[in-house]
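Please open the model in your viewer and keep the sequence panel beside it, since the stops below move by selection from one part of the chain to the next.

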Amino acid sequence: MKKLSLYCLAGLLLPALYLNPIFMKTAAPVKTAPAAETAALATETALPVTESSDVSLTFVELEETERWILDEVLSDYVSEDVVELQESGITYTIGDWVDRDTHTYLFFNKNLPGGTVYTAAGYAKNLNGGYVYFELSSPERLTEQQVDLEITKAFGNTGTSEIQAC
């Protein structure tokens, strides 16, 4: 009877764990190898985007490839950040949802005590055909053109846009 209960429990947990994304936490950006070598790195990677600015890119490789699942993953990551911010009493704003052929992101601004952090959180297709969840953060306001350029440089892709309001 114990085996049957264990199998039933495992059968119920397996789909839930498969659809749940890997939780991403980073303390600070870390300098790593060039973008061509990042696919071979561990699942969580942080890169400084440019040497002269404070813009940083953090990303996690994903196993999912279907757009509707990737949309859910993006929503899960942002939802976790929202819960943490609400529990800490920190205000935030969520901006436009930008959809490209090869990447999708939304703007997410956090009003921290040390100043506002402007973030574009989303997912992008990389050169090997897989997808990554990314967060592009800066103390300066980010524009769509800036985000598209940085994602193209980091992951080597381009795409057309559809802007949707949240």
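Does K110 count as buried or exposed? Select K110 in this predicted model, and you will find the residue in strand β4. K110 counts as buried because its relative accessibility is 14%, where the cut-off for that class is under 20%. If you then display its surroundings, leaving out neighbours within four places in sequence, K110 is in contact with D81, L85, T91, Y92, G115, T116, V117 and T119.

**The whole chain**

Now zoom out and colour by secondary structure. The chain has three helices and seven strands, and read from the N terminus the elements follow the order α-β-β-α-β-β-β-β-α-β. Of its 166 residues, 38% are buried. Among contacts between residues at least 6 apart in sequence, 49% join residues that are at least 24 apart.

**Strand β4 and its two partners**

Select strand β4, residues 103–112. Eight of the 10 residues of β4 are buried, so the strand is largely enclosed by the rest of the structure. On one side, add β3 (residues 91–99), which runs antiparallel to β4 and is joined to it by seven bridges; the two strands form a hairpin with three residues between them. Within this pairing, D99 has T104 of β4 as its bridge partner, while V98 stands opposite Y105.

Next add β5, residues 115–125, which pairs with β4 in the antiparallel sense over 10 bridges. β4 and β5 also form a hairpin, with two residues between them, and here the bridge partner of Y105 is G122 in β5. Y105 therefore appears in both pairings, as the residue opposite V98 and as the partner of G122.**Rings around Y105**

Keep Y105 selected and show the aromatic side chains. Seven aromatic pairs are counted in the model, and one of them, Y105 with F107, is edge-to-face, with 5.5 Å from centre to centre and 90° between the planes. Both Y105 and F107 are buried. Extend the selection to F59, F134 and F155, and you have the cluster that ring pairs build together with Y105 and F107.

**Helix α2**

Move to helix α2, residues 67–88, whose 22 residues reach 32 Å from the first C-alpha to the last, close to the 32 Å expected at 1.5 Å a residue. Its buried residues are I69, L70, V73, L74, Y77, V78, D81, V82 and L85, and what covers them includes β2 (56–62), β3, β4, β5 and β6 (131–138). At the end of the helix, select G89, which follows α2 and has a positive phi near 75°.

Within α2, stop at V78. V78 counts as buried because its relative accessibility is 6%. Beyond the residues up to four places away in sequence, V78 touches I94, L106, F108 and A121. A distance label between the C-alpha atoms of V78 and F108 should read 8.2 Å, although the two residues are 30 apart along the chain.

**The nonpolar cores**

Which residues touch the most other members of the largest nonpolar core? In this core of 18 residues, they are L62, L74, Y77, V78, L106, F108 and Y133. Two or more residues come from each of β2, α2, β4, β5 and β6, and α2 gives the most, with eight. Select L106 next, and its contacts, not counting residues up to four places away in sequence, are L74, V78, I94, D96, W97, T119, A120 and A121. A second core of 17 residues is separate, and its members include Y118, V132, I151 and A154.

**Helix α3**

Finish at helix α3, residues 144–155, where the end C-alpha atoms are 16 Å apart, in agreement with the span of 16 Å that 12 residues should have at 1.5 Å a residue. Colour E144, V147, D148, E150, I151, A154 and F155, which are the buried residues of this helix. Looking down the axis of α3, you will see these residues fall within an arc of 165°, so they line one face of the helix. An α-helix has 3.6 residues a turn, so residues three or four places apart point the same way. The last selection is G156, just after α3, which takes a positive phi of about 70°.

Notes. Residues numbered from 1 in each chain as written. Predicted model: local features only at pLDDT ≥ 70, side-chain atom pairs only at ≥ 80, totals over all residues. Heavy atoms only, no water. Pairing = 2+ DSSP bridges. Helix = DSSP H or I, 4+ residues; strand = E, 2+ residues; numbered from the N terminus. Expected span 1.5 Å × (residues − 1). Buried < 20%, exposed > 50% of the residue type's maximum accessible area, 1.4 Å probe, protein only. Contact = heavy atoms within 4.5 Å. Core = buried A, V, L, I, M, F, W, Y, C linked by side-chain atoms within 4.5 Å. Phe/Tyr/Trp six-rings, centres within 6.5 Å; stacked < 30°, edge-to-face > 60°. Arc of directions from axis to C-beta.
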